[in-house]
Every structure is written in C-alpha cells, then in structure tokens.
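Here's a quick tour of a few spots worth pulling up in your viewer. We'll go from a loop to a strand, then to how the copies sit together.

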Number of protein chains: 2
Amino acid sequence: MNTHYWIWYPGDFELYHAMKQNFSRVERGMGWPAYWKSEGFRNRVIFRRTYDLQSESEFTVYSDAVGYVLAGNRKYPFGKKIRCSSGETEISIHAACIETFPAIYIEGNEIYSDGEWMAEDYDKPPVNAGYSRYFTRLDQKPSRWEYSERIYDPVNVSSVGNGVLYEFETELTAALEIRCRNGFRPLTVYCGESREEALDTVNCYYSCSPDKNTGRCPRCAVRFAYIPDCSRDELEVRAVHQFIDIPVRAEFYSSDELLNRIWNVAAHTFTLCSGVFFIDGIKRDKWIWSGDAYQSFFVNQYLMADPDINRRTLLALRGNETMTTHINTIVDYTMFWLLGVRAHYDAYSDREFVSMVRNKMTALMDFCEGQTDENGFLVGRPGDWIYIDWADLDREGPLCAEQMLFAQCMKTMAWMYGLFGENEKVEEYETRYRGLCSRIDRYFWDEEKKAYIDSYVSGKRHVTRHANIFAVLFEIADERKQGLIMEHVLRNDRVPQITTPYFKFYELDVLCRKGYLAEVLQMIREYWGGMLDRGAVTFWEEYDPEVPDDQQYDMYGDRFGKSLCHAWAASPIYLLAKYFVGLQITDGEKGEYRLEPHLEYFSFLECTLPVKDRQLNMVWDGENLTKNWFDSIEDSRIE
Amino acid sequence: MNTHYWIWYPGDFELYHAMKQNFSRVERGMGWPAYWKSEGFRNRVIFRRTYDLQSESEFTVYSDAVGYVLAGNRKYPFGKKIRCSSGETEISIHAACIETFPAIYIEGNEIYSDGEWMAEDYDKPPVNAGYSRYFTRLDQKPSRWEYSERIYDPVNVSSVGNGVLYEFETELTAALEIRCRNGFRPLTVYCGESREEALDTVNCYYSCSPDKNTGRCPRCAVRFAYIPDCSRDELEVRAVHQFIDIPVRAEFYSSDELLNRIWNVAAHTFTLCSGVFFIDGIKRDKWIWSGDAYQSFFVNQYLMADPDINRRTLLALRGNETMTTHINTIVDYTMFWLLGVRAHYDAYSDREFVSMVRNKMTALMDFCEGQTDENGFLVGRPGDWIYIDWADLDREGPLCAEQMLFAQCMKTMAWMYGLFGENEKVEEYETRYRGLCSRIDRYFWDEEKKAYIDSYVSGKRHVTRHANIFAVLFEIADERKQGLIMEHVLRNDRVPQITTPYFKFYELDVLCRKGYLAEVLQMIREYWGGMLDRGAVTFWEEYDPEVPDDQQYDMYGDRFGKSLCHAWAASPIYLLAKYFVGLQITDGEKGEYRLEPHLEYFSFLECTLPVKDRQLNMVWDGENLTKNWFDSIEDSRIE
C-alpha cells in the first residue's frame, strides 16, 4: 500500500503546533504565553484532485472536521465508502473546523491522501496540500503530536532535609512518573536543571503534583527532582523522556578528549532543543525565536541534516501571507527569517520549499521596505524592537548592524528571483543591494577607527564587534576593510567582548573563515570547557567565566532564570564540522560537497557527518585519511 | 454589585460564533460549511487598565485561557485572589488560547471586568474590550451561547403508514425530545418545515436519532416530525424550542385582518431568523449573508430595535481588518456591509460602533477601489461573484446596478468622514461620488428607453428593474429621470417582474417613497397573502403564485430546497411601519422621530413601535389618533 498521509492546508499544521509550543511556557505555576502576535490557521478549506481511473475504485474520507465529499456531482458524508466508476472523476472535499486546522485522511487503493492533492482556502490560488511523515496512520490526530518515549531511572537518590532528591544521568524533557508504594497520596515535586534549583522550593521554575490515576507529572525540563516530606523507601520515581526521534547522523571522536566532550554535550543540548520546532531552550522560553532558529539551521545541517524541522520552524515563525508585525516583535529576527530560507536552501537545495514561501518572502521584504528612513536605512516602526544582541550598542538613529542584515536580505531576494529565472527582479535587487552597501559605507564606515560604527547620528562613533562581524560574514566590507576590521576590531581586546553564545557563533564563524583556527579552537576549549568544568551536562544560554559559581544560574534578575540547555550554545558542532573536519555541502540536491580538513590540530580524528542521504565517515590516523560511506545511521556509528 | 462582564478582544466573540453559525448547516446527514473565507479570532491578547484606588482592593481573574496577571510588578496566576494597595496600580492580563478566543472575567468590588478595559492583540493600537450583555456570570463560557428554551407539545399527532406524524403549532428551531415509554430503543426522526418534507424520508433535510441518555435530537428547523416504525402510544414527543430572547417591541392590529396576519407571520419569521446573528433562514442556509442582513437591519429597527444583533452581525460579516476576499464571495454583499453600517447608525446613532469599525470601512473601500476598470467602474476580480439578484441581467462588462451601490458606498464614506469631522476626506469622497454618478449617467442612461441599462458593453441595451430601483432608492437619478423610471420601468408591466422577496423589498420601498401606497398594500396582500393561502406559518425564501402547489417547496433543483422561513420575506413589517404607520426615526440617540401615518387605508389601527428605549403606542379609531408611551414592553402589549 502506498503511504497515505493526513493532509491539510500547507502551513496550518505548523501554525497550530507553533501556538501549542509558544503557549507552553510555565513559570512557577503560571502560564506565560509568548508575547507576540500568534497567527491562526485556516478554518475552512477545500481539497481537490482529479483522477483518471482505469477501473472502478473505492475510497473513504475521514475527518474530525465538519464537511462533505463531492465526487462527480454527488455529495457524500465523511466516513462512508464511496465508489467511483472508471474514467475522469473530479473529487473535492469540503472541511471546516474551529478548534484546530481541518485535516483529512483518505483511504483507498488508487484514491488516497498525499501531498499531490491541492488545497484551497477561499483566498489564494490552489496550492499543494501540507502533510508530515509523522502522520501517516488513520488512528492519529494531526493536532496531537505523539512523542517517542524513553524511560530513565534516577542515577542517584539521596535524602535531603525531610525529603528525597532524585538525579538523572542528564537533562531531559520528561514526564516524571511517581508511584507511592503504600498507595496514592498528594505530593509536590520540585524540578530543576540544577541540584540547587530542585532544592529551592520557592524559586524553582517547575513544581507539580502527580496525577492521581497515572502518577504522571506534566512534561518539563528536568535533571533533578526533589520531593519534600517523604522517604526514599516510600516512592518509586522514574522519568519518561518524551522526544521527537530525529536521528543524530554525526559523530566526532578525536585525540582531544575535551573537544570530544564538548561535541557530545553540544549534540545532546541541540537534540533536546529540536522538537516539533527549533526552540531556544527546554526549560525557558520553550519559544520559537527566529534569530535562535537561524543558527540552529547551521548546526542541524551537520548533526541531523533534517530539512523537515527547518521547514516546520520557518513556517511557524513566518505566519500567514500578510505581514503586520515583526517576527517575535524583533526587526532583526524578521530578517533572519529571510536569511534562514537561504540557509535552508544552501543545505538541502529545497527549491520546492522556496517556491512555497516566495510570496511570504516578498511580503516580508515589502513590510521592511516600508519602514525605512530618508536614506533607505531600515529603522522599524515606533516601538519595534531593534535587538541584534544583549550588548551596549549605540542605538541612536539607524543601527549599523541592522543595515548589514538589511543588505543581506536584498542579496537574498536577488538570489531568490534568480532561482526562478526572474532576471529583472534580480537586477533590481542587486542594484538596491549595491546602493544600500554604499550608503552603509558612506554613513557608518569610520576610516580613523578602521571600523563600522554603531550609529552616525549620535556623533559618538561607538565601535562594537557586531556590525563589523556582519560586515565580514556577509562580505559587505571590501577586502581592505575586512583586513582592517580583523585587526582593529575582532582581534582587538579593547573592543568589548561578545558575552552571549548567540553572537559568539557569528564571531567564531568569521574567525574561522579568516583562518584563525587555532584561536577558535582555544576559545571553544576555554568557553565551552569552562561550562563543563562547572558541571554542565548541556550548554547554557549565557556563560561568563568571571561570575562566581553560586551566581552562575542567575539571569534576568531571577535566581534560576538562566536556561541551562540552550540551542544557540551548540555552535561547536557547526564550527568543528565545517572548519576543522572541513566539510561543506556545495549541492544539497546532488549530495556534492567539498572536504578540506584541518588535521594539524589532531593526532587522530574519526568523524561521521551527514551528506544528503548517506553518512560520510572519515578516519585520520595521523598519517592517512580514509573515507567511507554508510547508508544507514546505525552502521556509521563510531565504535 | 456593578455588572461584571466577560471580556475579550472586540470582534473575536462574533468571529468565533460566526464560524459556529456558518458551519452549522446540515443537509441529509452531511455538514455543509459556508463556502467562503472564515476569519479567525485572535489567540493571544492582553487586557490592560490602570486604577487609582482610594483604598486597598481585592480582585480575582478567571479564564480558561493560558496566562497570568501582572499587577504592579508582580505576576499572579488566574483564579487566585490578588490584593492591591491604594494608589495607582497598572494591571495587565495576558491570555492565550487556541481552540477559542481568550476571554477573562474579573471579580472584585472596584476592580472588575467591563468594556472600560483596553484590549491589545500585538498588532493594532489598544481598543476597548468587547463584551456582551448575555455574558455577565462567572459560571458562563463565552464560547457557548446559552439559548432560552420553551417547550412545545405537538398540536396534532396522527398515524401515517407504519409510523406517527407529529405537528407543532408553528415552525420552531427546536431540539426534539423523545421518550419511549417502554425504555430506550433506536429510532430515526424525520423533520420537515412542511408535512410533505417530514413524510419524505429520502428527501427531507434533517433526520436524526435521539441521544440515548437525554432523548434529545440536535436543534433544527422543525414544524412536522415523522417517526416510522412506531405507534402513537409508545412515544412521548415534545419540541424544546431554543432561541435568543430578543424582545419583540412592536405590534400591529388593524381593520384589515389579512394585513394583521401578514404582520404576525412576518414577525414570527423574523424572530426565528434573529439569533446570535441575522441569518437567511432557519432550515437553510443558516448562514450569515450580508445582503440578507442589510434588509434585516431595517426590519429590526421597527420590530425589536435591538442594536446588539446588528453589531454582532456586522462584525461577523466583515471579519478582520485586512480584506482579501469579498464578503460571502459577492461583490455587492461587500458593499451592502458598508451601507449596513450607515443603516445601523441611522437607526441608533451608534457613533461608538462606527468609530470601532471605521478602519474596517476604509480597508473595505480600498479593497473595492482596487478592482475598478479604466472608467472607475467596479468590476471585481476574475471569479468574483456579481450577484445583485436571481434575475436575467445582462452581465457583460460592468453592471449598472453594481455601480449604483458603489456610488452609494462613496456617499457613505463621505458621511462617515463627516461624522468624525474630517472635511478633506468628505470632499474627496463627495467629488468621487459626483464623478462616478456622472459616468454612470454617461454610460448607462439610455434616453430612448428612459431607463438605466444593465450593460453598455454588450450593445443589447437591456433594461431590468434592478439598477433603476437603486437609482431612485439612492437618489442617483435626478428628479426628471426618477419620474421617467417610475413610469417606464417600475410601473411598466413589460419589464420583467422581480421574483424574489429580496429585491421586492427594494422595489416596494421605492414605490412607497414615491407615494404608490395603495399599490404596495395590494401587492403585500396578494404576494404575502398568497403564501398564507398556501398554509404558510412563516414566510418563504421565494414565492411564485404561478407554480403549482405540489412544487411550491422546490428550489435549486431540490425537492425541499426552498427555505420556508426566510428573513428577507419579513419586509411587510418595515413597509407597514415606516410608510403606513409612518414612523421615521430622525435621531436614534435622542429618540427623535417623525410620525406621518397614512390612516386612509384603515378604519381602525392600533400599533406599537419601538422608539429608543420606549414603546410608542398609537390608536386610530377612525376619527382620532391618540398616542401613548410605554416604558415596558409588557405594558405596551395590545390586548
């Protein structure tokens, strides 16, 4: 039997689950839904397809929506077998639902539901229906994601105060399951990413009471669980880790034991943050942030190479066609979405997806272009958030780093039009791109400081790393300026350091591109190694070596505000794979790549990385480099 | 205690319930959701208010949504009492919900929920929260409308074939309740608006099986119910009529017994079609149609004078700010929405509502103005439905009647801007209006035919009543042309007659305005009286006296396709009240009116009509006219 899929209007699945995701944050018993416009799914759709049947054929349409099937000229209800005679038959399926997106499942030999069906929403021209490889069975509901589960028993159980502390081998997103050996009694469980958090029953983020019937607590981030007023003998506690099984297709094993540990912890961090969507962190915010997701696309390419999660995340972030607010309320995050489409294409040559979102790309760009000043600099609307980074930028007037992103968006639009052979538009955007770049140079380049300044309006000529990193990363600066920037900004200790792993990602990327590999390796060892030294089993949202140990979990003025498992801290995967192992995908469709390893830093190295559908395994024994291909992930595991 | 209200983002309540309404149509076991774009509600909103408290005060926020309360700098969960100290306190309530619109209820002495709270949707500037006088209790759910109920026992029970036919005194929207005296057994009930429909178990629209526990069938239109394979003694059947109690505030009792019956049946028809919204009919489509609703606004004014149902209907029809498709997919129905806002204002001087929807008005007008041809005539987009009426119009090129509506829209825009003192925009729209009118005259007026022709493109110079009715109704034609139209079109039997009560409404309105009251009275007696002669207890969607009795229920090629209880057939209420009783509201706010009765058609007449909050009762005994005012509806009842 051919695979049958649940189908829906493309994007609805993502918009619905994005709301579930973005409304799932909980803080000390309070729901904390994401503070931006939530885009709704469609409530009324039609699915259409015309078959030319060789012989009589039967099919049945299933749906929880309200509606009917029109086959030829006759109407049929859902759930009833329909017989079509041979020849051409037009079938349309009308479906409406308020609470969730309308989805249908068609069972039959010739006539069944898949992505070849067309969907309409009474607004735009017909498009191919949306579907997911995770929803292929009639007994599923596309509005409910079924997680994979793995049971973890605690690795450590200890009495603390009048209660018991349970420790698991690593951080999980788990539903704790608690059984009282003497029969149910009400209990409160305090969860923590750290031992300190679990034991702090006032300040810890998650506390819960097991359900009377199942003994289960709601799914949350947990490494430690503390239950007061009980004894070790009374309870059986285990964690049911709930996750989406996106296979990890990469491994890294080198002569540098610290790097190996960093890779593994980064990989674990990243998989925890890779669910229905790329989220920022698993304790907090559990939200889909565009800037964070953009970086995840790069890590994904080298760790899981799963294009589906990219697509889901991009569709969830962007929302519906019309754009009236910035993504996550942040102007730069709007632009990272556009750059994200390009990053996705570069990794997987997914032309179909670009085609699907091209109207969303143009609407986004129109939206931004309506928010420029007299020089064509993007300034947003009053109240819009210009973020770039948690850093002391001079934010008076147009911000330089923002214009760098804006220029890169124009380049991306030219690329997109090129993909579809629309040369006039390519030229238009290339011209705009060059114009903006030259205005950036005119207004923001400071020949004396040999750097781009944050703002030309304030007169302060303040230099930070951010705009200069983008200038090199996006090659907006010419060769000469790039050289000056490297010397006078990036390798200049008097320019304040980047403090977030978020922007460290871009900085280290630029350093790698410019060949400062030894320095980058050292930074990875120090910065990420520093977290390991402090007991990290996943990498953190922020890490400042100068902060005393007992304040390492503080953030946003909150005792345990810092997320200890944050996707943007997984960048060593990307840096090591791309610049040290040296793999670059040159054609995602054909599986073409370039391999330029820098083996001088290792006495031996064995590494597996995904290339299209296969795994490329490389072994460097200090003298020779051998390559092997594995079709299955299991076979490619490094022993 | 001051009235507490459930509050939500304004319009969300209407959009949610509009979907429930428009998805509620059922035909022979199949759901038939309305075939147009359904506008979704918001999923993430904030409610804000700042209080200056004289003393300490407590309040509790209730909601089924996910979220929290921020009072001062502290967060609180829903459902927990919050204490504020005296002085200024900013309160914001954050709420998210996927399945329905987020709604909250705040209980407290000083701090409680009402329409003074502001609502935000992360998109547009803050607006006053939405609320309804029907949702004031904490134990309610705004997503569920609680109908009033009245029990009807059958007035006639008869054995037919091997089953039993139950007849109720009139048509109802009822949940049948069926009890088997010998304990539950599966049964099928066939419902009908007519005896014929109920007995036709194949072609009747609604059949259902009572719920095992409650004995209840789903709510539907029913006057007759047939249950095969049972005996009269076995069952107890009653109808639980479910309705929204919008009090009827008008009565008409005259020397003309037929007119009295027509008034009463029209009133019953209209109240049945007045629920959460004005719908077309109670059996079918049960949808909210803009053209139908526009006429209902006029009847409402004289029968119930309830501005709330107008507001709900207008908000439901128009959807969200951005306009991408025509209302109900029909270009003229989009324009009737705009005219509907004006009609609503004329009746109730509801400036607040106009202010609330003014952005929706301008967006709608922009949408239409983007669909004009080189002469500025509205032509819609390819595939858009230009309806006007079920009639043989020459539809080649721009349609004249459509341009008449378009001109009236421009006049309405000028009026709207005038209301808010924006004189430049008033002038702009008045200029546009004059320009369009003169182009209509130039292209569509045919001096030889002394009429506006449907189309100037086809060369056929086809004359129908429709454009000419609008030309007089909207006073687009000058006095001379109006005279010619009355003579050569409206009172010319060679011009095909209007066949729908829908357009009869406009035709009779024009005839009344022009003083042809005797003719109108005769038409009402014949046309509506004709339905009564055929046993109507409610007025029909369509009525053609020439059709044989046994085909009177046919429509759309369907044996029982015709709706026998259709709002647009209730126009005698409006015509009799406005032109014969002669009441015109001149200021809805102040309750000012003009009374110019035409008593020459009656030897006595007693009539009660709503004027603002009171009921005006008039008695004409053939010699004297006396007026009385009643504050309560009960007191004003004619004995």
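Helices here are DSSP runs of H or I with at least four residues, numbered from the N terminus. With that in hand, and bearing in mind that this is a predicted model, take A:Ser349: it sits in the loop between helix H6 (331–348) and helix H7 (351–369) of chain A.

Is A:Ser349 buried or exposed? Its relative accessibility is 11%, so A:Ser349 counts as buried, the cut-off being under 20%. Its side chain makes a polar contact of 3.4 Å with the side chain of A:Asp587. Setting aside neighbours within four places in sequence, A:Ser349 also touches A:His344, A:Gly588 and A:Glu589.

Next up is strand S19 (residues 235–243) of chain A. Seven of its nine residues are buried, so the rest of the structure largely encloses this strand. Two strands that pair with S19(A):

| Strand of chain A | Bridges to S19(A) | Direction |
|---|---|---|
| S13 (residues 148–152) | Five bridges | antiparallel |
| S15 (residues 163–180) | Seven bridges | antiparallel |

For single pairs, A:Glu149 faces A:Gln242 of S19(A), while A:Leu176 has A:Ala239 of S19(A) as its bridge partner.

Now for the two chains. Chain B lands on chain A after a rotation of 180 degrees with 0.0 Å of shift along the axis, at an RMSD of 0.1 Å. The two copies are thus related as by a two-fold rotation axis. Which residue of chain B comes closest to the rotation axis? That's B:Glu99, with its C-alpha at 2.0 Å. As for the interface, 100% of the chain B interface residues are interface residues in chain A too, so the copies meet through the same surface.

Notes:
Residues numbered from 1 in each chain as written. Chains lettered and ligands numbered in written order. Predicted model: local features only at pLDDT ≥ 70, side-chain atom pairs only at ≥ 80, totals over all residues. Heavy atoms only, no water. Buried < 20%, exposed > 50% of the residue type's maximum accessible area, 1.4 Å probe, protein only. Helix = DSSP H or I, 4+ residues; strand = E, 2+ residues; numbered from the N terminus. Pairing = 2+ DSSP bridges. Least-squares fit on C-alpha atoms with pLDDT ≥ 70 in both. Contact = heavy atoms within 4.5 Å. Polar contact = N/O pair within 3.5 Å; in protein donor to acceptor, adjacent residues only side chain to side chain.
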